[in-house]
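Biologist: I am new to this one. Can you walk me through some of the labels and show me the reasoning behind each?

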Amino acid sequence: MAHNSHSNPFIIPVLVILLLSSSWVNSNPIQDSFMQCLSLDSDVPLPISTACYTPDNSSFKTLLQSSAQNLRCLVPSVPKPELIFTPLQESHIQTAVICSKKLGIQLRIRSGGHDYEGLSYISEMEPPFVVMDLSKLRSVTVDIEDNTAWAQAGATVGEVYYRIAEKSKVHGFPAGLCTSLGIGGHITGGAYGTMMRKYGLGVDNVVDVRIVDVNGKILDRQSMGEDLFWALRGGGGGSFGVILSWKIKLVPVPATVTVFTVSKTLEQGGTKMLYKWQQVVDKLDDDLFIRVIITPAKLDKGNKTIITSYNAMFLGGVDRLLQVMSQSFPELGLAKKDCTEMSWLESHLYIAGYPKNTPPEVLLEGKSTFKNYFKAKSDFVKEPIPEAGLEGLWKRLLEEESPLMILTPYGGMMSRISETETPFPHRNGTLFKIQYVTSWQDADKDSLARHEDWIRRVYNYMASYVSMFPREAYVNYRDLDLGMNKNTSSSFIQASAWGKKYFKNNFNRLVRIKTKVDPENFFSHEQSIPTLPLRSMRRGNQ
């Protein structure tokens, strides 16, 4: 009976004291209270010593940095969590939510660490805060007969793809291009990839979800109801609960897909080619995804130019691809020698930029291929940008050290799904999305100011060429320049400034659902969905 924790009421408190005694000299009341609460409130024994990491633990810094993508969010001046908690099972998450709420501690939830402003592991709001890192909850269970899979929040997109392909070469899932994204947070914002024109987004292919709500209860689609299920599929992470796992719908993929990258410099007619791409991109065959990656490059004698790279994946073989291209975009001059046939799984390694012949098992490591100091922004384009507009853009790109722009094609299935079907509203009428990025290699404050100033000037320059009223933005390219909540008592009026850009008119419905399921705004961060004042709710219910 010695193993039954209920046999002696004094065992757990004594264990807690013993576990905490090593750091008792530098006692921190927040850490102590949180860890004691975790131990006392957990139904399942919780190994505090291996699940809780405080700043004086030698592994704390390594764990904090482990999946953090943006080094700008790790500089010494940025506030750090009091503690990082790595739950080993779902009940530990329930306990952490209950304890954080009881103790008045902010909880930041990290699945893959890709938040562009680091909001899953830093906080500029009222301290203190704790990070709950879900990286140990990463199982993926694939059911080919049912055409579904359950993926825990800590699994990466690459792991999900690998596990699907392990069971079937003709099944896939339409989600991200970056394979180290945590699936938990990734789907909350939309989740787009090379199959979006054929099958829509990740959120368009979710059939169930399990979450821990503000009361520490586990809910699924049936028990949460359709309103909350709607909000979770594109309403952004960290507002409604902790995602435990998604049940995703698998889609058919051919045994062979074809990829290519064709690059054009300005000297090779790059501006005219991009103008043509804008005119055809949303009308191409649904099986064809051609994005454009734009970067500066050095020419001879120190001169610089702009390279536009047409980076593509086609759901089919090279012969049909060449037919499609000759009919719809012959100007690119695509030839058989530019194309490579491969499996759907291998195409993800190609698009993510892995070297040729990299074994797919690299996807199981969940490691990022991109870790920099960076700042990013986004736009949606409804009308082709004229050549003169592009030339002004090239001039600005050539001023910056390491800029990047990625243009992602819309049309196809993206135009056929209503903008109110999920909170993700950027649907019919969008030609393509722009992602602007500037990255640098040092932590110097002057560098930060210089690069942020550059990207803001480019964003201002582009205002007349992109969507207006609102000027739309993609929530998974989070941008605090658009506005932020100052504390947990966030204002609906203030939040509307960025909320309408991310969600358009869906923002109002998200706010109503948030107010119903989390009225005290426990799940909050700098751009979480706010709650309505009680007065407004009462008026709305009359």
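Modeller: Start with a term. Contact means heavy atoms within 4.5 Å. Keep in mind that this is a predicted model.

Biologist: With that in hand, what covers the buried residues of α16?

Modeller: The cover includes β16 (373-381), α14 (387-397), β17 (403-409) and β18 (432-440). The buried residues of α16 are Ser447, His451, Glu452, Trp454, Ile455, Val458, Tyr459 and Tyr461.

Biologist: How do you know that α16 has the span expected of a helix?

Modeller: Helix α16 runs over residues 445-461, which makes 17 residues. At 1.5 Å a residue, 24 Å is expected, and the first and last C-alpha atoms are 24 Å apart.

Biologist: What caps the N-terminal end of α16?

Modeller: Asp444 does. One of its side-chain oxygens lies 3.2 Å from the backbone nitrogen of Asp446. The cut-off for a polar contact is 3.5 Å.

Biologist: Why are α14 and α16 called roughly antiparallel?

Modeller: Their packing angle is about 175°, and their axes are 11 Å apart. Angles over 145 degrees count as roughly antiparallel. Therefore α14 and α16 earn that label.

Biologist: Which residues make that contact?

Modeller: From α14 come Ala388, Gly389, Gly392, Leu393, Arg396 and Leu397. From α16 come Trp454, Val458 and Tyr461. By class, six are nonpolar, two polar and one charged.

Biologist: What makes Thr265 count as buried?

Modeller: Buried means under 20% relative accessible area. Thr265 has 16%, so Thr265 counts as buried. Thr265 lies in strand β12 (residues 257-265). Beyond its neighbours within four places in sequence, Thr265 is in contact with Gly270, Thr305, Ile306 and Ile307.

Biologist: Is Lys504 buried or exposed?

Modeller: Buried, because its relative accessible area is 15%. Lys504 sits in the loop between α17 and α18 (506-517). Its phi is positive, about 50°, although Lys504 is not a glycine.

Biologist: Why is Asn147 called partly exposed?

Modeller: Partly exposed lies between the 20% and 50% cut-offs. Asn147 has 33%, so the label fits. Asn147 is in the loop between β5 (140-143) and β6 (148-152). Asn147 is not a glycine, yet has a positive phi of about 55°.

Biologist: How do you know that the span of α2 agrees with the expected one?

Modeller: Helix α2 (residues 29-41) has 13 residues, which should span 18 Å at 1.5 Å a residue. Its end C-alpha atoms are 18 Å apart, so the two agree. At the start of α2, a side-chain oxygen of Asn28 comes within 2.8 Å of the backbone nitrogen of Ile30.

Definitions and conventions:
Residues numbered from 1 in each chain as written. Predicted model: local features only at pLDDT ≥ 70, side-chain atom pairs only at ≥ 80, totals over all residues. Heavy atoms only, no water. Helix = DSSP H or I, 4+ residues; strand = E, 2+ residues; numbered from the N terminus. Expected span 1.5 Å × (residues − 1). Buried < 20%, exposed > 50% of the residue type's maximum accessible area, 1.4 Å probe, protein only. Polar contact = N/O pair within 3.5 Å; in protein donor to acceptor, adjacent residues only side chain to side chain. Axes fitted to C-alpha atoms, helices over the stretch in contact; angles between N-to-C directions. Parallel < 35°, antiparallel > 145°, perpendicular 65-115°, else oblique. Nonpolar A, V, L, I, M, F, W, Y, C, P; charged D, E, K, R; others polar.
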